Amino acid sequence: MEAKIGNVLYPVEDVEKAIAFYNVAVGLPLKFQDGARFAALDGGSTTFALAGAEEQVAGRAAAVSFKVPDVAAAVREIEAAGGVVVAPAAEGPHEVRAVVQDPWGNAFIVYGPKK
């Protein structure tokens, strides 16, 4: 299974204020915004994502998201290698995603296209 880092997801309480902060203070241009749910900022080769309360699928912790061609297959491989499913694959507003943990308890997200 080939994957690439799709984004690094930061939970925030106010997406608009967070966009303004990271745009002005850090210099990250806005790429995409879905209201108060989610925003993607241009971090160069990796997207820096801001998740409002509705999109905090990994809880209140920062988490990396890996883009994969097949979420179900990725989840099977993660479990076979000792990972744990925290939230099974489900269709979100823009993709299919699952929240998993590595064998050391670190949460991350695997996501891919809707089928």
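Let's start with one pair of charged side chains: E55 and R37 meet in a salt bridge, with 2.2 Å from N to O. E55 sits in the loop between β4 and β5, while R37 sits in the loop between β2 and β3, so this contact ties together parts that are 18 residues apart in sequence. Keep in mind as you look that this is a predicted model.

Are these two partners buried or exposed? Both E55 and R37 are buried. For E55 the relative accessible area is 7%, and for R37 the value is 18%. Residues count as buried when this value is under 20%.

Now follow E55 to another partner. The side chains of R97 and E55 also form a salt bridge, at 2.7 Å from N to O. R97 belongs to strand β7, residues 96-101, and E55 to the loop between β4 and β5, so the pair joins parts that are 42 residues apart in sequence. R97 is buried too, with 16% relative accessibility.

Next, go back to R37, which has a further partner in E54: their side chains meet in a salt bridge of 2.3 Å, N to O. Here the loop between β2 (30-34) and β3 (38-43) holds R37, and the loop between β4 (46-51) and β5 (63-67) holds E54, so the pair links parts that are 17 residues apart in sequence. Unlike buried R37, E54 is exposed, with a relative accessible area of 56%.

Which residues are linked in the network of salt bridges? They are D34, R37, E54, E55, E95 and R97. As for the whole model, the count comes to 6 salt bridges.

Key. Residues numbered from 1 in each chain as written. Predicted model: local features only at pLDDT ≥ 70, side-chain atom pairs only at ≥ 80, totals over all residues. Heavy atoms only, no water. Salt bridge = Lys/Arg side-chain N within 4 Å of Asp/Glu carboxyl O. Helix = DSSP H or I, 4+ residues; strand = E, 2+ residues; numbered from the N terminus. Buried < 20%, exposed > 50% of the residue type's maximum accessible area, 1.4 Å probe, protein only.
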